[in-house]
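Please open the structure in a viewer and keep the selection tool at hand. The tour below moves from the whole chain to particular places, and at each stop it states what to select.

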Amino acid sequence: MTTLQELKPTTKQLVRDITERLGIEMTTQYDWCFSNPDGPYLVNIWHDGMFEENDEIYFVDRASDWAEKNIDTATPVQLNRAAAVSALIHTAYYRKAPLHVAILDGIRRTVGIRETSEAHQRELDSVLWYPHHKDENRRIVVVRGKPQPQNIDPYAEEEEHQRQVKVPTARPPKKIEVSATAIYERDSEVVKAVKRRAADGHCELCGQEGFKTANGRYYLEAHHVIPLNCGGRDDIRNVVAICANDHRRAHFGEERHDLRDGLIWNVLASYYPEDEEFLEELDEKSRQLRHSDAAQRKLEDNRVES
Ligand SMILES: [Zn+2]
Ligand SMILES: [Zn+2]
């Protein structure tokens, strides 16, 4: 029986070596998780974030809590990385797939107001971990060496939960009848729908209210996460309502590719968690966009979009 103490890493394996050993294509070594589209899945998890109880070693998916707690101080890239870990654990949970876990140890500290971390040790655990069940707060509990019971149907379980709480989507419904959001664009059905979704006037990326317009509404802009001229669809699941500044960043910012992945897996995935195929199509196009100069020029051409 391995104890949690024994899992504390003593050497520093390189991310590059671990992903190579698992056959995972690595994009940037600074990510917090890695996977090929159909697995395998690899996550970096801090040793001090793991627990031991009744002969079980486990951790809980708290990446989205982390993002929430640090929303004001973390960089957008950090927030996207945290969201990516959560999304990956959810994907594995629904697919009943195992996770490879690289265990980290090192220093986590706050510099100024921002949390930074430095992994001094990193070791790939030779035992597989499994997104096993959801706890009472509906966070996924990932257990070392213990597969998810075959009789758990994550989709049915989620549906049952939605029925019980009578919430039609992953987020509580917004009971605002009159939209406070002004989006100055061709009012297509899709733009109308995104206006309803962001009816409280908060940017779906940074969470801040858009500036107030002369008629008392909040100004946001509709943005196609995969632009129409890059093969994106005019579909509500491809559109976000974001503030003017973030909209420029989405097209011109140096972090635009990470930002786009964050919009897919942090924002759209939380509204449309069931539409896995659609999200993966977005993800695939996002990857192509990242690697195509021609597509990136189109992204920049596309400043005012419809
Ligand atoms: Zn914003
Ligand atoms: Zn745009």
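**The chain as a whole**

Among the contacts in the chain between residues at least 6 apart in sequence, 59% join residues at least 24 apart. The model is a predicted one. Display the whole chain as a cartoon: its secondary structure comes to nine helices and 12 strands. Of the 306 residues in the chain, 32% are buried.

Next, colour the chain by pLDDT. The mean is 84, and 87% of the residues reach 70 or more. Select residues 167-178, where the pLDDT is below 50; this stretch has 14 contacts in the model beyond near neighbours in sequence.

**First stop: helix α1**

Select residues 15-22, which form helix α1. Which residues of α1 are buried? They are Val15, Ile18 and Thr19. These residues lie on the same side of α1, because they cover an arc of only 95 degrees around the axis. A general property of helices is relevant here: an α-helix has 3.6 residues a turn, so residues three or four places apart point the same way. Now turn to the other side of α1, where Arg16, Asp17, Glu20 and Arg21 are exposed. Just after α1, select Gly23, which takes a positive phi of about 75 degrees.

**Second stop: the loop before β2, and Tyr41**

Move to the loop between β1 (33-35) and β2 (41-46), and select Pro40 there. The peptide bond that joins Gly39 and Pro40 is cis, with omega about 0 degrees. As a general background, most residues other than glycine have a negative phi, and most peptide bonds are trans.

Select Tyr41, which is found in strand β2. Is Tyr41 buried or exposed? Tyr41 counts as buried because it has 24 C-beta neighbours inside 10 Å, where 20 or more are required. Leaving aside neighbours within four places in sequence, Tyr41 is in contact with Ser35, Leu88, Ala92, Ala97, Leu99 and His100. Add Ile89 to the selection: Tyr41 and Ile89 are 48 residues apart in sequence, and their C-alpha atoms are 8.5 Å apart in space.

**Third stop: the loop between β3 and β4**

Continue to the loop between β3 (51-53) and β4 (56-60), and select Asn54. Its phi is near 45 degrees, a positive value in a residue other than glycine. Asn54 is exposed, with 5 other C-beta atoms within 10 Å.

Asp55 is found in the loop between β3 and β4 as well. Asp55 is not a glycine, although it has a positive phi of about 65 degrees. With 9 C-beta neighbours inside 10 Å, Asp55 counts as exposed.

**Fourth stop: the hairpin of β7 and β8**

Select strand β7 (residues 129-134) together with strand β8 (residues 140-144); they pair in the antiparallel sense over five bridges. Within this pairing, Trp129 stands opposite Arg144 in β8. The hairpin of β7 and β8 has five residues between the strands, and Arg138 takes a positive phi near 65 degrees there.

**Fifth stop: β11, β12 and Arg237**

Select strand β11 (residues 221-224), both faces of which are covered. Glu221 and His223 are buried on one side, and Ala222 and His224 are buried on the other. Strand β12 (residues 239-242) runs antiparallel to β11, and four bridges join the two. Ala222 stands opposite Ala241 in β12.

Arg237 is found in the loop between β11 and β12. Arg237 is partly exposed, with 18 other C-beta atoms within 10 Å. Not counting residues up to four places away in sequence, Arg237 touches Leu268, Tyr272, Asp275 and Phe278. Arg237 also leads to the last stop: from Arg237 to Ala269 there are 32 residues in sequence and 8.8 Å in space, C-alpha to C-alpha.

**Last stop: helix α7**

Select residues 256-271, the 16 residues of helix α7. At 1.5 Å a residue, α7 should span 22 Å, which agrees with the 21 Å between its end C-alpha atoms. Where does α7 bend? The bend is at Leu263 and amounts to about 30 degrees. Leu263 is one of the buried residues of α7, among them also Leu259, Ile264, Trp265, Leu268 and Ala269.

Technical notes:
Residues are numbered from 1 along each chain as its sequence is written. Chains are lettered from A and ligands numbered from 1 in the order in which they are written. This is a predicted model: local features need pLDDT of at least 70, side-chain atom pairs count only at pLDDT 80 or more; totals for chains, interfaces and linings use all residues. A residue is buried if 20 or more other C-beta atoms lie within 10 Å of its own, exposed if 12 or fewer, and partly exposed in between; C-beta atoms are placed from the backbone. The arc is that of the directions from the helix axis to the C-beta atoms. pLDDT is the predictor's confidence in each residue, from 0 to 100. Two residues are in contact if their C-beta atoms, placed from the backbone, lie within 7 Å. The expected span of a helix is 1.5 Å times one less than its number of residues. The bend at a residue is the angle between axes fitted to the seven residues ending there and the seven starting there. Two strands pair if DSSP finds at least two bridges between them.
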